Amino acid sequence: QVQLVESGGGLVQPGGSLRLSCAASGFTFSSYAMSWYRQAPGKERELVAAITSAGGIINYADSVKGRFTISRDNAKATAYLQMNSLKPEDTAVYYCNAKGYYFGIKDYWGQGTQVTVSS
C-alpha cells in the first residue's frame, strides 16, 4: 500500500523556520520525482519545490527561492522541505507528491500538514 506521510508542520512566528518531512512507503522511492505543493484557504494548490529522483535537478517557485530548500534521502525513503525566513503568506496546507512511472504514470499524494505563520 502506497503511503506518503507528512510531518513537521505547526505554528511559527514570522522569520522562523520549520522542516517538513515526507516519509514514503509502498513504492520504489528512489525512482520517483518528489515535490512539495501548498494550498492556502481560497486559493489553488501551487507547486513549491521539486526534486528529481536522484536529486540532480531542483526547482523552486519564485516566491520561496532563497528561503526554502528541498532535499531527499533515498536510503530513508524520505523527502524534506526546509523552510526559513517564513512569512505570513507561507501559511497553507503543505502536501508531499511523488511522480513516477510503473506500468503507467503514477502520481501519489500525502494527506497534508498545516503550516501557520503568525505572530
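In this predicted model, Q3 stands opposite S25 in strand β3. L4 is also placed across from a residue of β3, namely A24. These pairs belong to the contact between strand β1, residues 3-7, and strand β3, residues 18-25. The two strands run antiparallel and are joined by 5 bridges.

Strand β3 has a second partner: 6 bridges join β3 to strand β8, residues 78-83, and this pair is antiparallel as well. Within β8, Y80 is the bridge partner of S21. In general, strands of a sheet pair through backbone hydrogen bonds, in either a parallel or an antiparallel way.

The table lists the residue pairs named above.

| Residue | Residue opposite or bridge partner | Strand of the second residue |
|---|---|---|
| Q3 | S25 | β3 |
| L4 | A24 | β3 |
| S21 | Y80 | β8 |

Which order do the strands of this sheet follow? The order is β1-β3-β8-β7, in an open sheet of 4 strands with antiparallel pairing. Strands β1 and β7 (68-73) stand at the edges, and each has a single partner strand, so one side of each is left without a neighbour in the sheet. From one strand to the next, the twist averages 15 degrees.

One loop residue can be added. S63 lies in the loop between β6 (58-60) and β7. Is S63 buried, exposed or partly exposed? Its relative accessible area is 38%. Buried means under 20% and exposed means over 50%, so S63 counts as partly exposed. S63 and V117 are 54 residues apart in sequence, and their C-alpha atoms are 15 Å apart in space.

Methods: Residues are numbered from 1 along each chain as its sequence is written. This is a predicted model: local features need pLDDT of at least 70, side-chain atom pairs count only at pLDDT 80 or more; totals for chains, interfaces and linings use all residues. Side-chain values use heavy atoms; hydrogens and water are left out. Two strands pair if DSSP finds at least two bridges between them. Axes are lines fitted to C-alpha atoms, for helices over the stretch in contact, and angles run from 0 to 180 degrees between N-to-C directions. Buried means under 20% relative accessible area, exposed over 50%, partly exposed in between (1.4 Å probe, protein chains only).
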